[in-house]
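Trainee: I'm new to this one, so could we go through it together? I'd like to ask things as they come up.

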Number of protein chains: 2
Amino acid sequence: MAPDRQTQPKASQCDVIIVGAGPAGLMLATWLSHYKINTRIVDKRGSKIYAGQADGLQLRSLEIFDSFGFADRAWKEANHMVEMCMWNPGSDGVIRRSDRVPDVPVGLSRFKQIVLHQGRIERFFLDHIKKHSNDTLRVERAVLPESLRIDEDRVADHSPDNYPITVQLRHLSEDEAKPAQSNGSNVSDGLFRSNLADDDTEDLLASSRQKEGGTETVRAKYMVGCDGAHSWTRKQLGFELEGEPTDYIWGVLDIIPITNFPDIRMRCAIHSAAAGSMMVIPRENKLVRLYIQLTEIKPDASGRADRSKITPETIITAAQKIIAPYKLRYEYCDWWTAYQIGQRVGKNFAHESRVFLAGDAVHTHSPKAGQGMNVSMQDAYNLGWKLGLVVKGVAQPSILKTYQSERRRIAQDLIDFDHKFSRLFSGRPAKDVMDEEGVNMKDFKEAFLKGNLFASGLSVDYGTSMLVAKPGNAADQGDGTDVSSQIHVIGKQALASETKLGMRFPSFQVLNQSDARAWEFQQKLKSDGRFRIIVFAGNVVSPQQKGRLDSFCQALASSPLLAPHLVTHVEVLTLHSSKRTEVELLRDFPDVLHPLDAKTGWDYNSVYVDDVSYHEGYVDAYAGYGVDRETGCVVVTRPDQYVGYIDTLDKEGFRGVEAYFRGILVS
Amino acid sequence: MAPDRQTQPKASQCDVIIVGAGPAGLMLATWLSHYKINTRIVDKRGSKIYAGQADGLQLRSLEIFDSFGFADRAWKEANHMVEMCMWNPGSDGVIRRSDRVPDVPVGLSRFKQIVLHQGRIERFFLDHIKKHSNDTLRVERAVLPESLRIDEDRVADHSPDNYPITVQLRHLSEDEAKPAQSNGSNVSDGLFRSNLADDDTEDLLASSRQKEGGTETVRAKYMVGCDGAHSWTRKQLGFELEGEPTDYIWGVLDIIPITNFPDIRMRCAIHSAAAGSMMVIPRENKLVRLYIQLTEIKPDASGRADRSKITPETIITAAQKIIAPYKLRYEYCDWWTAYQIGQRVGKNFAHESRVFLAGDAVHTHSPKAGQGMNVSMQDAYNLGWKLGLVVKGVAQPSILKTYQSERRRIAQDLIDFDHKFSRLFSGRPAKDVMDEEGVNMKDFKEAFLKGNLFASGLSVDYGTSMLVAKPGNAADQGDGTDVSSQIHVIGKQALASETKLGMRFPSFQVLNQSDARAWEFQQKLKSDGRFRIIVFAGNVVSPQQKGRLDSFCQALASSPLLAPHLVTHVEVLTLHSSKRTEVELLRDFPDVLHPLDAKTGWDYNSVYVDDVSYHEGYVDAYAGYGVDRETGCVVVTRPDQYVGYIDTLDKEGFRGVEAYFRGILVS
């Protein structure tokens, strides 16, 4: 041990410290629990969320939940949004339904957009972390960092016993950790987290410092700030958010509405003639979330609105004007808040690949597109496996740079999308074609439909890097960070034309060769920390193709990729295109595709077939993936299901696969 | 209080006492927890099942689980059986695959047959009971009855303060409640529950009686013996099982097989030329259950086989002979048992509508068709709501007689099925057409396919009674018990030609009118204790049909059926056939179909439409139910989803509905 460490005998050590236990922090802890990494996660609040906050779950978030095994819990409890209705003023100024469209494009995913409050989602994460960490990783609540020191001389040294980060933590009492509710209301509100409220972190620290004890020093290898829009971590690093608030002020009500508005259980965008706009988001248990434009509340000279003027009563009054002539009232309000739309994105997402920022800490925008929680979780989903593999000593630390290049680019795209969408939604509808100040409702509908694909999270396309072997310039395709590979290997996109390098591996129905059960193939790409070599074996009953498969498998079987220290990080899956009943697992597929375990026999869960099911029809997965049924190919996916590499199914192709991994793994 | 009760001050009281906490006992407790009935459930074993025992879940059982809300848990954890393979000897005597068939007929249900061990299923019940009883109803383990006294003078009086049953319970110590394992094996076995083992109830009681204390007296209104093939309750009543054991002895192994047999993950029926037969049931976690005919072990003079000769080693040796030339061995055995096939059914399922028997207590048969646990649970599913409604004072006690008439008939059918199937499966395959002693493999296949529908549980068709208003003789259609209605009302089957009186309400996809979400309509018939009036509203945009609907609803709204004391027992659901977008809930449907609650607004979950979905296609539910799209009809379902009544959608039809309920409910 280095001498300077011995002078601090009370400091404990951990591999990763996470600040903030919202959806982003919990997503990160979920990954790290799978890698069995020594992690701590702290949150300044004394209890988890029970109402309000973000609630929309996009398709990609559900796919990710499914890869961890708990999408079904969300799917069962949530409200499913199926149709989006647009309400606009007619020539008489009275609102009427102008359009009905499916809430998400048909055929995009096996999931649809659903709505469930953040507290339940946090519960699923917590249960999952408990199970996968054997209850060793728990959120430490009412704990917040009060100082951060980074040993800059040692940040570049990623050797396993180097802990260059020192964090002092303060443990709060129960009272200290409880946020004050605004306005003396009985209903819980989210104003304390809103951008209309001042941050209370410094107050919490100041009041706590007056008492004795309650501090602790932790040394860590890596730190991740998932601590929200007021991020303490970001402030310590001196990183700024770029962007400006707008003048649009919105209120949010979670109520059980009593109304004669016919589409109250549909997602609705309502543009009134002159009273502002409203978004209706139906939720679980008869709840409905209303996003309501507060046209009568304006920012003051400082550019910020006076929050004391905003109450549930002012918000519902604004809503009643927008939705007139329909009646709207409530007896039960579950939660409420208000915010001022602003689009801002962090200049930096990471400091020296040692301290990272995720979620609201690096991007803020309006909540109505239901993106905030989703993009935040997906930040952490992108970072978690990279940190896991580096801490484990399996992957080269250079891959950590791709976090900023991949996710800052996404945040920039999100802000652009939100900027456009917010303006169209907050603007007054055009009275007629001559009304150039007003918003054309046709433009709004088009923006909504285009935005739908973006909002699904499925259009994410990461740029070239050591993790995504595609042509082009890494800085251009990302946020400017140089993450180009030293290996210069390029995947052969044409061999799997619909399985795009840099995008998530699509899902189609396939059958297990051994028991004929139908699966969405993506379900087999569990988020268990492993890269996957996906062998599109093609038509294995053709002797020529069988020869190619055998030669690929011979190379695979003797490759260091399947050596004992890597086998927990690389899995082989096979999808062939012959008739299921014409082939047999043991006879037609080399052992490496379904390994024998001395205690538990052959692996019956790694070889699949693109064939007709008894009960669930047929979808032609090979066509879906854009792969030739005869000759197949090989696809490599990252632990987060994004496609990293594609090559031919032969010895030469396998050399390409090995080269791809050489750019990532520690040799 | 009556004087005789005061002389027993220590006796506690409950409405229902259940003896045995296997799947039947737990199903009953599940129902009673929904009705908030004061229930006790005791089991002589000190802990629940962790391995082995029954494992097949049939389609109807999954539908029932879904109606309670936990089918998804079973569905997710279980192994799904998709294909059934038949292996028979060729002319050279070597086994080969002769057929592949879907394990359940295509299109029968949204579920398929799955396999999961009984311990998990019991866990789902226990979690559900805990939740719905607010943790007040718990299984009391290591508790067994030692005396039963029935006050015969008072059994006919079903008034709420009459407790004619007195049971003395004995509480065992932990050691006493633990069954001894056979043969000194390390692997847990089920021989102690097998019909090859003697019952240990009397031993348990005798050893416990030598100690002091530990007894308790309970007075109950009703008692249900779910206490297995050796049922103590049945013996107290002096009821007999009818039927005889056969000479066929079978062993059961739950192992992780190491084998080159290609269909080890399929359900297989293997007939060897001369070494006996074997059934392969693939299970969760790489486990496979093997049912293995033990041709070398024969019953002795007493008619029973010597259980000491049976070990896992003798069973696997028999299996290896049957499956040759394929190799089969294991490193891990999870559980094993052996049994002698016998088909027996109880003469009586109930004593004076006060003490009931369910499950193995009244029917035993071979386990290979996967019927035992399913039929047992369905016994209790049939009984539970009837007991619940009678204890609540809502239904007339006479409905309790339908338990025996409905379920004993099913048990008789099951025994007939099993008798035939067992003979075909245990018999030696015919060598050629001249071999009359052997079993013709074509006959076996035919019996299997026919049996498949029976085994699904979906062909159950209860006879006419006060609960099923169909023509014919109640005694003939049931087990001989007279359960004919005093009301003489007959449902109009032709109005819903595919929704059969006496059978379970079929399921087709429909959409929620208010949010366009697709549902299996059966999912809306929750097992929450309620009858349902299902209004097939037809084409409500036709003024004529709207008039009929309004007049029906007028009668419904003023009916005592929806009076406060009944509204928790009768729910109204609507399915119309107009275009979803051409109607509006509040404008086109009378309030009684979607009632207004002063606190929570309109009910948006009771009106559905048979229309095209965005993401899940269209199935034409009206055609599926056999109902005219224009004029509709009304269907009444019992709390267990069985169809009780059908009539026209008008005032006269509603009078029929009222008459049907008059035969069931306390006026």
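Trainee: Let me start with one residue: which helix does S422(B) lie in?

Mentor: Keep in mind that this is a predicted model. In chain B, residues 401–426 form a helix, and S422(B) is part of that run. The helix you want is α10 of chain B.

Trainee: Is S422(B) buried or exposed?

Mentor: The cut-off for buried is under 20% relative accessible area. S422(B) has a relative accessible area of 1%, so S422(B) is buried.

Trainee: Which residues is S422(B) in contact with, leaving aside its neighbours within four places in sequence?

Mentor: Don't look to R283(B) here: S422(B) and R283(B) are 22 Å apart, C-alpha to C-alpha, and 139 residues apart in sequence. With the sequence neighbours within four places set aside, the contacts of S422(B) are I341(B), Q343(B), S366(B) and G427(B).

Trainee: Staying in chain B, which residues does T233(B) touch, not counting those up to four places away in sequence?

Mentor: T233(B) sits in helix α7, residues 232–237 of chain B. Its relative accessible area is 0%, so T233(B) is buried. Not counting residues up to four places away in sequence, T233(B) touches V19(B), M223(B), G225(B), D227(B), V355(B) and L357(B).

Trainee: Over in chain A, why is helix α3 described as largely enclosed by the rest of the structure?

Mentor: Go along the helix, residues 59–68, and you meet buried residues including L59(A), E63(A) and F68(A). Right after α3(A) comes G69(A), with a positive phi near 100°. The helix is called largely enclosed because the buried residues number ten of the ten.

Trainee: How about where the chains meet: how many residues of chain B are in contact with chain A?

Mentor: The area buried between chain A and chain B is about 4,100 Å², and carbon and sulfur atoms give 52% of that. In chain A, R517(A), Y614(A) and H615(A) lose the most area to chain B, together 16% of what that side buries. Counting contacts, 49 residues of chain A meet a set in chain B that numbers 48 residues.

Trainee: How many salt bridges are there between chain A and chain B?

Mentor: One of them joins K112(A) to E616(B), whose closest N and O atoms are 2.5 Å apart. The two chains also have 16 residue pairs in polar contact, both residues at pLDDT 80 or more. For salt bridges between chain A and chain B, the count is ten.

Trainee: And how do the residues on the side of chain A that touches chain B divide into nonpolar, polar and charged?

Mentor: Several elements of chain A each supply at least two residues to that side, among them α4 (71–77), β6 (95–102) and β12 (241–259). Sorted by kind, the residues of that side come to 21 nonpolar, eleven polar and 17 charged.

Trainee: Which helices of chain A hold K386(A) and E406(A)?

Mentor: These two side chains meet in a salt bridge, 2.8 Å from N to O. Both K386(A) and E406(A) are buried. The pair ties together parts 20 residues apart in sequence, because K386(A) lies in α9 and E406(A) in α10.

Trainee: What about R428(A) and D435(A): which of the two is buried, and which is partly exposed?

Mentor: They meet in a salt bridge too, at 2.8 Å from N to O. D435(A) has a relative accessible area of 15%, so it counts as buried. At 30% relative accessibility, R428(A) is partly exposed.

Trainee: In chain B, by how much of a helix are D413(B) and R409(B) separated?

Mentor: Their side chains meet in a salt bridge at 3.6 Å, N to O. D413(B) is partly exposed, at 31%, and R409(B) is partly exposed, at 28%. Because they are four residues apart in helix α10 of chain B, the separation is about one helical turn.

Trainee: Last one: why is there no bond between the sulfurs of C268(B) and C85(B)?

Mentor: A search of the whole structure finds zero disulfides over all chains. C268(B) is buried, at 0% relative accessibility. A disulfide needs sulfur atoms within 2.5 Å, and the sulfur of C268(B) is too far from that of C85(B) for a bond, the distance being 4.9 Å.

Technical notes:
Residues numbered from 1 in each chain as written. Chains lettered and ligands numbered in written order. Predicted model: local features only at pLDDT ≥ 70, side-chain atom pairs only at ≥ 80, totals over all residues. Heavy atoms only, no water. Buried < 20%, exposed > 50% of the residue type's maximum accessible area, 1.4 Å probe, protein only. Contact = heavy atoms within 4.5 Å. Buried area = accessible area lost by both parts, 1.4 Å probe. Salt bridge = Lys/Arg side-chain N within 4 Å of Asp/Glu carboxyl O. Polar contact = N/O pair within 3.5 Å; in protein donor to acceptor, adjacent residues only side chain to side chain. Nonpolar A, V, L, I, M, F, W, Y, C, P; charged D, E, K, R; others polar.
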